[in-house]
Amino acid sequence: AQINSICGDVQKNLSKMEELVEKAAKEEAKLVVFPEMCLSGYMVMDGKDFQTIFRCAETVDGPSIKRLKALSAEHNIHIIFGMPLESSTMRGVIFNSAILIEPSGKIGIYRKTHLPTGNLGGTTYYEGLYCQAGDNFPVFETEIVKIGLEICYDFAFPEVTRILAIKGADIVVNI
């Protein structure tokens with residue numbers, strides 16, 4: 001479910017996501033996948049917008065995840081999406097995260113491990129200044145398939161996919 005997120009407008013982005021989840025469910029999909037940071041928009045390239053990412057970050061029990069949990073249950077569909085996730089144990093620590101929501105209400109979280117920072121291919125990234133790096137590679141056993149998650153730049157490190165495969169992932173989803 002490719003969308004153009006609006007940086008800083010969580011409510012508009014969430015509304016777009018809801019529409020696409022409903023459409024996917026009508027087409028009998030069992031899994032819908034959204035892009036990296038689609039909930040908040042991806043704003044970590046110019047190095048000037050720290051306020052927006054902190055304003056958009058939510059904890060795992062925040063309103064957006066609650067809303068998407070209800071949508072997942074209502075339509076019996078698995079949802080994967082990206083967002084800035086604030087640590088539930090340390091205020092102000094943000095992770096670029098992929099969230100897996102199952103219709104049962106179960107939530108899986110992957111925190112991006114490889115944060116592009118500096119000049120890469122002519123573009124300057126500041127992700128390491130905004131976000132804390134994750135430190136593990138979970139595989140989530142769902143009722144449809146075992147899912148391993150990655151986020152964007154993680155693809156450049158084949159070890160990530162290898163670890164997920166060794167842990168039993170049937171599919172690897174890179175948002």
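Two strands count as paired if DSSP finds at least two bridges between them. The structure described here is a predicted model.

**Sheet and crossover**

Strand 8 covers residues 146-150 and is joined to strand 9 by 4 bridges, the two strands running parallel. Among the bridge partners, G148 of strand 8 is matched with V172 in strand 9, and E150 is matched with N174 in strand 9. These two strands belong to an open sheet of 3 strands, ordered 7-8-9, in which the pairing is mixed. Its edges are strand 7 (139-141) and strand 9 (171-174), each of which pairs on one side only. From one strand to the next, the twist averages 30 degrees. Helix 5, residues 158-166, packs on this sheet and touches strand 7, strand 8 and strand 9. The direction of helix 5 makes about 165 degrees with that of strand 8. Together, strand 8, helix 5 and strand 9 form a β-α-β unit that is right-handed.

**Nonpolar cores**

In soluble globular proteins, nonpolar side chains tend to be buried together. In this model the largest nonpolar core contains 23 residues. M17, F34, L68, I79, F81 and I99 have the most contacts inside that core. At least two core residues come from each of helix 1 (10-26), helix 3 (63-75), strand 2 (78-86) and strand 3 (94-101). Helix 1 gives the largest share, 6 residues. Leaving aside residues up to four places away in sequence, F81 touches M17, F34, P35, C38, L39, I65, L68, S97, A98, I99, I101 and I175. A second core, separate from the largest, has 15 residues, including A98, I151, A169 and I175. Two of the residues touched by F81, A98 and I175, are thus named in this second core.

**Aromatic pairs**

The count of aromatic pairs comes to 3. Two of them are set out below.

| Pair | Geometry | Centre to centre | Angle between planes |
|---|---|---|---|
| F50 and Y130 | stacked | 4.2 Å | 20 degrees |
| Y153 and F157 | edge-to-face | 5.3 Å | 90 degrees |

The pair of F50 and Y130 links distant parts of the chain: F50 lies in helix 2 (residues 50-56) and Y130 in helix 4 (residues 127-130), 80 residues apart. Is each partner buried or partly exposed? F50 has a relative accessible area of 31%, so F50 is partly exposed. Y130 has a relative accessible area of 3%, so Y130 is buried. In the edge-to-face pair, Y153 is partly exposed at 25% relative accessibility, and F157 is also partly exposed, at 26%.

Key. Residues numbered from 1 in each chain as written. Predicted model: local features only at pLDDT ≥ 70, side-chain atom pairs only at ≥ 80, totals over all residues. Heavy atoms only, no water. Axes fitted to C-alpha atoms, helices over the stretch in contact; angles between N-to-C directions. Contact = heavy atoms within 4.5 Å. Right-handed = clockwise from strand over helix to strand, strands pointing away. Core = buried A, V, L, I, M, F, W, Y, C linked by side-chain atoms within 4.5 Å. Buried < 20%, exposed > 50% of the residue type's maximum accessible area, 1.4 Å probe, protein only. Phe/Tyr/Trp six-rings, centres within 6.5 Å; stacked < 30°, edge-to-face > 60°.
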